Amino acid sequence: MAPRSSRVTSADVAREAGVSRATVSFVLNNTQHQKITEGTRQRVLAAAEKLGYAPSPAARTLRYGRTDVVLGLLPDWPLGHAVGNLIQELTLAFAKRNLTFVVHSSVRGARSLGEIWKALTPAAVLAFEPFSDSDASAMRSAGIEVIVALYDSSGLGSEVSVTSANAIGAAQARHLAASHRRLGYAYPDDERVAVFARPRLDGVRAVCAELGLPDPDVRTIPLTPSAAADAIRTWLAADSPVTGICAFNDEVAMTVLAGLRQLGLEAPRDMAVIGVDDSPAAALANPPLTTVVEDLPAVAELYADTVMAALDGTLSSGSPYEPQVRLEARESA
């Protein structure tokens, strides 16, 4: 057996199984039209598993012209519940297609995009924000498929756009408008998530206009009870009091709930509040938080299908896609 510190090779597998390296290659690469008995095939597979053999990425690249890696480029987003779930769903969606999803966050101080893709030589790059034409051109020249996944409809034609953010805000507003004639929007105090917050707010505005309600009263809410309490006082003191709050996400919504408690008020008696994401803490909030949930598995399948179409050479111009959202109704609204 090869020393523990060295990489196991196909030659090690061949010696363990008592066959030639060519036979090992035929079996592990599932090469067709080779006369290899089932007993020999099983012996090779058992030897490879015993030794912990993994094909060399470089050899795979030479054989197939690409690796099985899809590089996911995340902007400098806070890695909270929703983003974590999206990464998990993407990992599963690509695994079903025999691809490996590797994530790189563009947090300040991280290695440059050029360094990352040259080190990994991925089959495709799935980016969640546009990057420079020079970067895109360099990657395509290296044979890397480039997909830009946007959470609005501002793509350049070849990207895939998910418009569920608008539907999320619309679902919040429709739920609250059944009982409240003036709505507010609790906007996040973090510009990194503006790509999600702006279209969600647009969805709330669209429903208010459709139903003949005033435009939502938008307040930026830092994640502190006192800041939320200040906003609540302003909402309730308006000529037409704001009594229904669409919050950017569950964290902001629970901050509003904390602000209500600080003022001796209660949801939904004094103000109804609805969040987004159905984070684990939402059901434990006081009161339990009503929230809107995005169909992240469907989003992940869309992105994985788009990457596969690009790798197969069948990708057509992208069009906006709107996955389903659902309401998880609890006591806060």
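The questions and answers below walk through a predicted model of one protein chain.

This is a predicted model: local features need pLDDT of at least 70, side-chain atom pairs count only at pLDDT 80 or more, and totals for chains, interfaces and linings use all residues. Residues are numbered from 1 along each chain as its sequence is written, and side-chain values use heavy atoms, with hydrogens and water left out.

Student: How many helices and strands does the protein chain have?
Tutor: Helices (H or I, at least four residues) and strands (E, at least two) are DSSP runs, numbered from the N terminus. By that count, the protein chain has 12 helices and 11 strands.

Student: What share of the residues of the protein chain is buried?
Tutor: Buried means under 20% relative accessible area, exposed over 50%, and partly exposed in between (1.4 Å probe, protein chains only). The protein chain has 333 residues, and the buried share is 44%.

Student: What does helix 12 reach from its first C-alpha to its last?
Tutor: Helix 12 covers residues 296-311, which is 16 residues. The expected span is 1.5 Å times one less than the number of residues. For helix 12 that is 22 Å, and its reach is close to this, at 23 Å.

Student: Why is helix 12 described as largely enclosed by the rest of the structure?
Tutor: Look at its residues. Leu 296, Tyr 303 and Leu 311 are among the buried ones. Helix 12 is largely enclosed because its buried residues number 12 of the 16.

Student: Which residue just after helix 12 takes a positive phi?
Tutor: The phi is about 75°. The residue is Gly 313.

Student: Where is Leu 99, and which residues does Leu 99 touch?
Tutor: Leu 99 lies in the loop between helix 5 (81-95) and strand 2 (100-105). Its relative accessibility is 6%, so Leu 99 counts as buried. Asp 68 is 31 residues away in sequence, yet 4.9 Å away in space, C-alpha to C-alpha. Contact means heavy atoms within 4.5 Å; leaving out residues up to four places away in sequence, Leu 99 touches Asp 68, Val 70, Phe 94, Met 308 and Leu 311.

Student: How do helix 10 and helix 11 pack, and at what angle?
Tutor: Two packed helices are described by the angle between their axes and the distance between the axes. Axes are lines fitted to C-alpha atoms, for helices over the stretch in contact, with angles from 0 to 180 degrees between N-to-C directions. Helix 10 (residues 225-237) and helix 11 (residues 250-262) have axes 7 Å apart, at an angle of about 75°. Because 65 to 115 degrees counts as roughly perpendicular, helix 10 is roughly perpendicular to helix 11.

Student: Which residues of helix 10 meet helix 11?
Tutor: On the helix 11 side, the partners include Thr 255, Val 256 and Leu 260. On the helix 10 side, they are Pro 225, Ser 226, Ala 228, Ala 229 and Ile 232.

Student: Which residue does a cis peptide bond join to Ala 267?
Tutor: The omega of this bond is about 5°. The partner sits in the loop between helix 11 and strand 9 (272-276). It is Pro 268.

Student: Which residue does a cis peptide bond join to Asn 286?
Tutor: Here omega is about 0°. The partner's place is the loop between strand 9 and strand 10 (290-294). It is Pro 287.

Student: Is Thr 121 buried, exposed or partly exposed, and what is its phi?
Tutor: Thr 121 is in the loop between helix 6 (113-120) and strand 3 (124-127). Its relative accessible area is 39%, so Thr 121 is partly exposed. Thr 121 is not a glycine, yet its phi is positive, at about 40°.

How values were computed: Parallel < 35°, antiparallel > 145°, perpendicular 65-115°, else oblique.
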